[in-house]
Amino acid sequence: MFGHTFNADDTIIRSLESQGFRRLYPMHFERRRELKKLNHSLLVNFLDLLDLLVHCPDSPKRAEKVEDLSLLFIHIHHLLNEFRPHQARETLRVMMELQKRQRVETAMRFQKHLDKVQDILQNALQSLPDQNEMESNFKVPTEILEDYNQSDSANNDPCYELDRIMCNIVDNMR
């Protein structure tokens with residue numbers, strides 16, 4: 001990945017010990033309670049650092065307090081990062097539910113439109129005239145075809161003859 005080898009078996013979040021930091025909380029703990037305790041410790045250490053800076057700014061304890069604050073921030077950051085996989089799974093679940101809901105709504109809208117089209121087609125089919133009635137309307141009288149064959153030799157313009165035949169057919173349909 002980006003020119004570096006990556007093993008999928010590697011842990012996503014390395015432990016604090018593997019990063020060279022001492023652990024401030026036990027191995028088995030409740031994350032919410034530990035985060036609250038770390039936050040409280042961070043606030044107390046910050047107030048201690050402010051008090052130290054007000055009374056004796058050149059004290060060697062200042063560097064020690066800054067180091068304690070840094071360690072607390074690292075632990076808080078580590079605990080928050082342990083929640084990232086859970087957050088990613090939850091985000092993915094919510095996104096998939098949203099996509100499922102959108103697809104179901106789209107399918108329902110499509111079904112409604114399909115039902116409307118089927119109703120329109122059914123009404124159109126019912127309003128069509130009967131098949132026997134249609135066949136009698138579209139029959140071409142044989143006299144017209146005979147006239148066409150006779151006039152074919154008399155007139156050299158076939159377009160005129162075809163127009164005349166079509167007009168006769170339409171007149172006979174009324």
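**Helix packing around α1 and α2**

At 48% relative accessibility, asparagine 39 counts as partly exposed, because values between 20% and 50% fall in that class. The model in which this residue sits is a predicted one. Asparagine 39 belongs to helix α1. Its C-alpha lies 8.8 Å from that of phenylalanine 73, although the two residues are 34 positions apart in sequence.

The wider setting is as follows. The protein has six helices and zero strands, so no strand enters the order of elements, which reads α-α-α-α-α-α along the sequence. Of its 174 residues, 14% count as buried. Among contacts with a sequence separation of 6 or more, 62% join residues that are 24 or more positions apart.

The pair α1 and α2 can now be taken in turn. Two packed helices are described by the angle between their axes and the distance between the axes. For α1 and α2, the angle is about 160° and the axes are 9 Å apart. An angle over 145 degrees counts as roughly antiparallel, which means that α1 is roughly antiparallel to α2. The crossing of these two helices is left-handed. Sorted by class, the residues in the contact of α1 with α2 are 14 nonpolar, four polar and eight charged.

Nonpolar residues also form a core. In soluble globular proteins, nonpolar side chains tend to be buried together. The largest nonpolar core here has nine residues: Phe29, Leu35, Leu38, Leu42, Leu49, Leu69, Leu72, Ile76 and Leu79. At least two residues of this core come from α1, which spans 31-55, and at least two come from α2.

Leucine 49 is one of the core residues. Beyond its neighbours within four places in sequence, leucine 49 is in contact with Arg62, Lys65, Val66 and Leu69. Leu69 is itself a member of the core.

Lysine 65, one of the contacts of leucine 49, is found in helix α2, residues 61-82. Is lysine 65 buried or exposed? Its relative accessibility is 19%, and it therefore counts as buried, since the cut-off for that class is under 20%. Residues up to four places away aside, lysine 65 touches Asn45, Asp48, Leu49 and Leu52.

At the other end of the account is the pairing of α2 with helix α3, which covers residues 84-127. The axes of α2 and α3 come within 4 Å and cross at roughly 30°. On the α2 side, the contact is made by Leu80, Asn81 and Glu82, and on the α3 side by Arg84, Pro85 and His86. By class, this contact has two nonpolar, two polar and two charged residues.

Terms used. Residues numbered from 1 in each chain as written. Predicted model: local features only at pLDDT ≥ 70, side-chain atom pairs only at ≥ 80, totals over all residues. Heavy atoms only, no water. Buried < 20%, exposed > 50% of the residue type's maximum accessible area, 1.4 Å probe, protein only. Contact = heavy atoms within 4.5 Å. Core = buried A, V, L, I, M, F, W, Y, C linked by side-chain atoms within 4.5 Å. Axes fitted to C-alpha atoms, helices over the stretch in contact; angles between N-to-C directions. Parallel < 35°, antiparallel > 145°, perpendicular 65-115°, else oblique. Left-handed = near helix turned anticlockwise from the far one by under 90°. Nonpolar A, V, L, I, M, F, W, Y, C, P; charged D, E, K, R; others polar.
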